Amino acid sequence: MNLLDTLLRCVGTLVAFLVLPLVVGQAEHKVMAHMQGRLGPMYAGGFHGWAQLVADGVKFVQKENVVPAGADRRVFQLAPAVALLPYLLVLLVIPVGPDGMVGQVVDAGIFFVLAVMGIGVLGSLMAGWASANKFSLLGALRTAAQLMSYELPMLLAAASVAMAAGTVSLPGIVDAFHWWWVPWQLIGAFVFFTAGLAELQRPPFDMPVADSEIIFGAYTEYTGLRFALFLLSEYAGIVVLCGLTTVLFLGGWHGPFEDGLGWLWTLVKTFALAFVVLWLRVTYPRLREDQLMRFAWTVLIPLALAQLALTGIIKVAIS
Amino acid sequence: MSTLLAAAGSLEPAARSYLSPTGQEIVFLLVGALVLGAAVVSVTTRQLVHAALWLVVALGGLAVEFLLLTAEFVAWVQVLVYLGSVVVLVLFGLMLTRAPIGRSPEADSGNRPAALAVGAASAATLVTLVVDAFRSSWIDLSGAAGTTRLTGEYLFSHWVLPFEALSVLLLAALVGAIVLSRAKGGSADAKPRAGKLRTGLTKQKER
Amino acid sequence: MHLAYPAVLAVLLFSVGVYGVLARRNVILVLMSVELMLNAVNLNLVAFDVWLRDTLHAGQALTLFTITVAAAEIGLGLAVVLLVYRTRRTAAVDEVTALGDRHEADELSDGEKEQAAA
């Protein structure tokens, strides 16, 4: 019984991991198109091009898997897996609904999530170095610098929520949530979401893959299925970031009829945030590398520290 | 795992024996072998970046060992700090010092035999000593000793002063790293500013 | 669990680290070997902490402090290494012997020549 339960949860997480990123990817196609006055994919699958990503997947599988002659073969081939797997592990511990609707309960939930997400950068570094291409190497170095800088405000913002809730377990944080936490943790939510966007290298923070100057950064030499895995890891990252922001700052499953429809609330909030991610991509131009670093160190970190102080003061005042 | 434990217990009533390892011990030994192998490859390979990647395997394996020893919080800190930051910094350094793809000739120095002798001697001495001293000691793993709540309690009740001292140390390290990595001469206009074209040749000469 | 298992593993890891520190020529590889030695010590601290059932949990607290200090150490160490690489064009420990003296003109980079002339 226990084993079956664990197995079911793992399978459920795997299905979510395979489906949700595709939904986000399809939404990106259509939302971007409509914001730019286009229609986007219309033919694949018949109804408004719903099967576009399936068709894309088939195309990627058919393509040849090229490994450059000067590349370090093993590291080159291993890199997509290292980039993708951390997001699967993180998705396992994000609670969806009340009463244990979570892949696996981990006592130090926030800690686990942030620790494991930090491993993903190794995939980009490996890919960039092993490609034997100077653009790839530049992209990898930019990725590493960016992730190291934005990890700190992200951790500080998450620490603020943990302090407010008095626990580091993700279901525990959602349990302790009250509606007035939203204004209270507003700055923290902004910092967490922005830093998360930068960690995913989404526009406007996509300097490491800036196509106008370094082609596609660390992923320049990748083709076929491996390239598709890197793309999948980006969309899985969006799902994970939006899910985490929902759980930490927007109260997860809390909403009307939360006993029965809790999981629906989590999904609705997650997809609303994913929409914001796509919206930002269409709205803002790319930041330059030094602007990127300055934004992290002179804007986000002071804001995160201010939020931490605010949380501490109010926590002491109400206890 | 519980069935495995029961089986081990039924075969050998005095369960505390090297001949009937528990499930946890088997996992510990397997992961330990992996950690040791990765560490050995990491210090012997001539491919610089591969050495750093094997170090990742070794440090990640150690995090699993911490989990097996019920030190959960320490394990996640290990993953966060070592795998997420230290190894990334090391890889960053290797790439900035132009680590080539393939073997690099100057990875090892000429005193490998001496190093091997010293390493083997220290290993032999210490293993003999440790095995002799702790041959009959057992760790009781019942009752988690390293949960986050417990860690927070002892860290902020008994260890507050060292904790604060450590934060001062980190601040000093931060300032030190910034001072070290600033460009020589400290010319403030070396950085590119928005909307201003860089014209001076001084910066290019430095590179 | 037998205390000997973690203790022996820690000893072997430490010895591997000792070998690495002595045998390696690239500074960054030496730093990595130092990290291995520190981790061996951490494993020992955690194992003995659990074994002794210390009420203060000195072992685990000390492990957390060691990890933090190691992070500071690697940051500073790499800053030094990159500075050396920028001025000397090498990352080998046995080539950095000048201790900052400027008598070897061929080792100086362009920027330093300019400074020495000024």
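Trainee: What share of the 319 residues in chain A is made up of buried residues?

Mentor: Buried residues come to 49% of the 319 in chain A. A residue is called buried if 20 or more other C-beta atoms, placed from the backbone, lie within 10 Å of its own; with 12 or fewer it is exposed, and in between it is partly exposed. Mind that this is a predicted model, where local features need pLDDT of at least 70 and side-chain atom pairs count only at pLDDT 80 or more, while totals for chains, interfaces and linings use all residues. Residues are numbered from 1 along each chain as its sequence is written, and chains are lettered from A and ligands numbered from 1 in the order in which they are written.

Trainee: What makes A:Gln201 buried?

Mentor: Count its neighbours: 23 other C-beta atoms sit within 10 Å, against a cut-off of 20 or more, so A:Gln201 is buried. You'll find A:Gln201 in the loop between helix 9 (186–199) and helix 10 (211–214) of chain A. Its phi is near 55°, which is positive although the residue is not a glycine.

Trainee: And why does B:Thr70 count as buried?

Mentor: B:Thr70 has 21 C-beta neighbours inside 10 Å, and the cut-off is 20 or more, so it passes too. B:Thr70 belongs to the loop between helix 3 and helix 4 of chain B, and its phi, near 65°, is another positive value in a non-glycine residue.

Trainee: Why is chain A called as compact as a globular protein of its length?

Mentor: The globule rule is 2.2 Å times the number of residues to the power 0.38, and the radius of gyration is taken over C-alpha atoms. For 319 residues the rule gives 20 Å, and chain A has a radius of gyration of 20 Å, so the description fits. Its C-alpha atoms fill a box of roughly 65 × 45 × 45 Å along the principal axes.

Trainee: How many helices and strands are there in chain A?

Mentor: Chain A has 13 helices and 0 strands. Helices (H or I, at least four residues) and strands (E, at least two) are DSSP runs, numbered from the N terminus.

Trainee: How many residues of chain B are in contact with chain A?

Mentor: 20 residues of chain B contact 23 of chain A; two residues are in contact if their C-beta atoms, placed from the backbone, lie within 7 Å. Helix 4 of chain B gives the most to that side, 12 residues. By class, the side has 14 nonpolar, 4 polar and 2 charged residues. Ala, Val, Leu, Ile, Met, Phe, Trp, Tyr, Cys and Pro count as nonpolar, Asp, Glu, Lys and Arg as charged, and the others, Gly among them, as polar.

Trainee: How many residues do chain B and chain C give to their contact?

Mentor: Chain B gives 78 residues and chain C gives 64. On the chain B side, helix 5 gives the most, with 13 residues, and the classes are 51 nonpolar, 18 polar and 9 charged.

Trainee: Where does UniProt list a "transmembrane region" in chain C?

Mentor: The unreviewed UniProt entry lists residues 61–85 of chain C. UniProt positions use the numbering here, feature names are shortened, and annotations may be inferred rather than shown by experiment. In the model, residues 61–85 are 100% helix and 0% strand, with end C-alpha atoms 36 Å apart.
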